[in-house]
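Visitor: I would like a close look at a single part of this protein. Please take me to the largest cavity, and then show me what else can be seen from there.

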Amino acid sequence: MVVESREWFLSSYAADGVPTSEHLKLRSVKLSLDETSIPENFVGIQLLWISVDPYLRSRMTGHMDGLHFPQFSLGQVISEYGIGRVIGSKDSKFTEGDIVINPFMPLSEYSIVPNTFLRKVDPDNDMPLPEYLNALGIPGLTAWVGIELVGEAKQGLNVFVSAAAGGVGMFAGQLAKLKGCRVIGSTGSNEKVKMLKEELGFDDAFNYHEETDFDAALNKYFPNGIDIYFDNVGGKMLEAVLNNVNKGAKIPLCGMISEYNKAWTDRDGVRNLLNLVGKEVKMQGFIIGSYLNHLGQFEMDMQEYIKAGKIKSKTMINIGIESFLESFASIFSSSNVGKVVIHVAE
Ligand code: NDP
């Protein structure tokens, strides 16, 4: 069987700014999925769902960036966390029709991929497929690691989450609430502020485009100071947080999306790091790849919370592989709500 397959590839590096059609291009290729075209230990896949994640930005700058993920080479097909259907297999563990998750799924309607990272979706688990890219995927795991293991959230602590209405932030806030914390979120629209308070159970939230004096905002929302800051944005918000932390506060550094589209020399410096010393604050970066030994515990916790209605997901579903560029740009504005995923095929 030979199929026509559209795929996104990197055409040129984007040192700064949000990548455009100059950097990311869609092309159509012919791909043979005959048995003889699939090597041993490889699987033929039809792409069904793909996640759209901020970290991809750091793989397109043309040089090793702070997140330390390898750069895509020019002409290389972009890969992302995705879900596909097996349509040919040279691995006895996978048969035609299986639904699989691949953390490095080519952004291609059809592909032949190594079996190395493939995991089967349990057909008896009646979760909707996009949930494996959301609460049960990278956003859920990242939030769980940051709140449970790095932040060590406990009853009564004051927790601040930035980018709180995005994929990671919405779960970080809800998990902290389940621990008995008081949780405040920042986000980029009034609609999202309302959602955080009325639908996701945050104690309060503010729109950082309107309350632009972050120091004053944090002072107002945290009269008793911040005990845990789950940092998704870095930059000026991190600086303001350091002026409002309590002694012994913990800062799980999850990401710094406010800085991803800037060359490092143009990024916002944090001028008050001295507060870390005086307040004996523990600020710790983490990457979920280092916590995969906790996957079993995370999945047990999260499935239980979802089934009990204790954790809610918000997913923004865009349609068709052609929507990738627009979907990717949306995560750097405040136009997305919840986790952005693309539905490529049924
Ligand atoms: P989402 O795409 O779901 O959300 C990102 C949100 O960030 C947007 O919705 C936007 O919401 C906000 N944002 C965009 N630009 C800015 C800006 N300049 N200033 C402030 N906020 C901005 O992303 P995720 O939830 O998947 O990722 C959140 C963070 O977590 C990212 O920094 C990402 O890199 C990191 N991450 C880290 C992992 C790890 O292992 N450490 C794993 C996965 C993600 P709004 O402006 O409306 O608030």
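Guide: Start with the walls. The lining of the largest cavity draws on two domains, with at least three residues from each of domain 1 (2-134 + 313-343) and domain 2 (138-289). Keep in mind that this is a predicted model.

How much space lies in the largest cavity? The answer is about 30 Å³. The structure holds one cavity of 30 Å³ or more. Rolling a probe the size of a water molecule over the atoms shows where empty space is left.

Now look at the residues around that space. The largest cavity is lined by Ala15, Thr61, His63, Asp65, Tyr260, Lys262, Ala263, Trp264 and Arg267. Sort this lining by class, and you get four nonpolar, two polar and three charged residues.

Next, turn to the second largest pocket. Its space comes to about 490 Å³. The second largest pocket has 22 lining residues. Gly66, Leu67, Met256, Tyr260 and Arg267 are the ones that lie nearest its centre. Tyr260 and Arg267 also appear in the lining of the largest cavity. By class, the lining of the pocket has 10 nonpolar, eight polar and four charged residues. Domain 1 (2-134 + 313-343) and domain 2 (138-289) each give at least three residues to the lining of this pocket.

Find Leu67 in the sequence and step on to histidine 68. Histidine 68 is in the loop between strand 3 (42-51) and strand 4 (79-89). Its phi is near 60 degrees, a positive value in a residue other than glycine. Is histidine 68 buried or exposed? Its relative accessibility is 59%, so histidine 68 counts as exposed.

Glutamate 152 also has a positive phi, near 45 degrees, and it too is a residue other than glycine. Look for glutamate 152 in the loop between helix 1 (138-150) and strand 8 (158-161). Glutamate 152 is partly exposed, because its relative accessible area is 36%.

Now for the aromatic rings. A pair of aromatic rings is described by the distance of the centres and the angle of the planes. The count here comes to 13 aromatic pairs. Take phenylalanine 206 and tyrosine 221: their ring centres are 5.0 Å apart and their planes are at 10 degrees, so the pair is stacked. This pair links distant parts of the chain, 15 residues apart. Phenylalanine 206 is in strand 10 (residues 204-207), while tyrosine 221 is in helix 4 (residues 214-221). Phenylalanine 206 has 1% relative accessibility, so it counts as buried. Tyrosine 221 has 10% relative accessibility, so tyrosine 221 counts as buried.

A second pair has another geometry. The rings of phenylalanine 328 and phenylalanine 332 have centres 5.3 Å apart and planes at 85 degrees, so this pair is edge-to-face. Both phenylalanine 328 and phenylalanine 332 are buried.

Go back to the stacked pair for a moment. Phe206 and Tyr221 belong to a cluster linked by ring pairs, along with Phe160, Phe222 and Tyr229.

Two rings have a charge over them. Arginine 27 lies over the face of phenylalanine 9, 4.0 Å from the ring centre. The charged end of arginine 59 sits over the ring of phenylalanine 72, at 3.9 Å from its centre.

Finish with the stretch around helix 8. Serine 330 lies in helix 8. Serine 330 has 12% relative accessibility, so it counts as buried. The C-alpha atoms of serine 330 and valine 52 are separated by 9.6 Å, and these residues are 278 residues apart along the chain.

Phenylalanine 332 lies in the loop between helix 8 (324-330) and strand 15 (339-343). Why does phenylalanine 332 count as buried? Buried means under 20% relative accessible area, and phenylalanine 332 is at 19%. Its C-alpha atom is separated by 18 Å from that of isoleucine 50, with the two positions 282 residues apart along the chain.

Glycine 338 is also found in the loop between helix 8 and strand 15. At 2% relative accessibility, glycine 338 counts as buried. Glycine 338 and methionine 316 are 22 residues apart along the chain, and their C-alpha atoms are separated by 6.1 Å.

Definitions and conventions:
Residues are numbered from 1 along each chain as its sequence is written. This is a predicted model: local features need pLDDT of at least 70, side-chain atom pairs count only at pLDDT 80 or more; totals for chains, interfaces and linings use all residues. Side-chain values use heavy atoms; hydrogens and water are left out. Rings of Phe, Tyr and Trp (its six-membered ring) pair if their centres lie within 6.5 Å; planes under 30 degrees apart count as stacked, over 60 as edge-to-face and the rest as tilted. Helices (H or I, at least four residues) and strands (E, at least two) are DSSP runs, numbered from the N terminus. Buried means under 20% relative accessible area, exposed over 50%, partly exposed in between (1.4 Å probe, protein chains only). A charge sits over a ring if NZ of Lys or CZ of Arg is within 6 Å of the ring centre and within 35 degrees of the ring normal. On a 1 Å grid over the protein atoms alone, a cavity is a set of points where a 1.4 Å probe fits but cannot get out, and a pocket is an open set with protein on both sides within 12 Å along at least five of seven lines; lining residues have an atom within 4 Å of a point. Grid points are joined across faces, edges and corners, and a volume is the space filled by probe spheres set on the points. Ala, Val, Leu, Ile, Met, Phe, Trp, Tyr, Cys and Pro count as nonpolar, Asp, Glu, Lys and Arg as charged, and the others, Gly among them, as polar. Domain bounds come from an automatic or database domain assignment.
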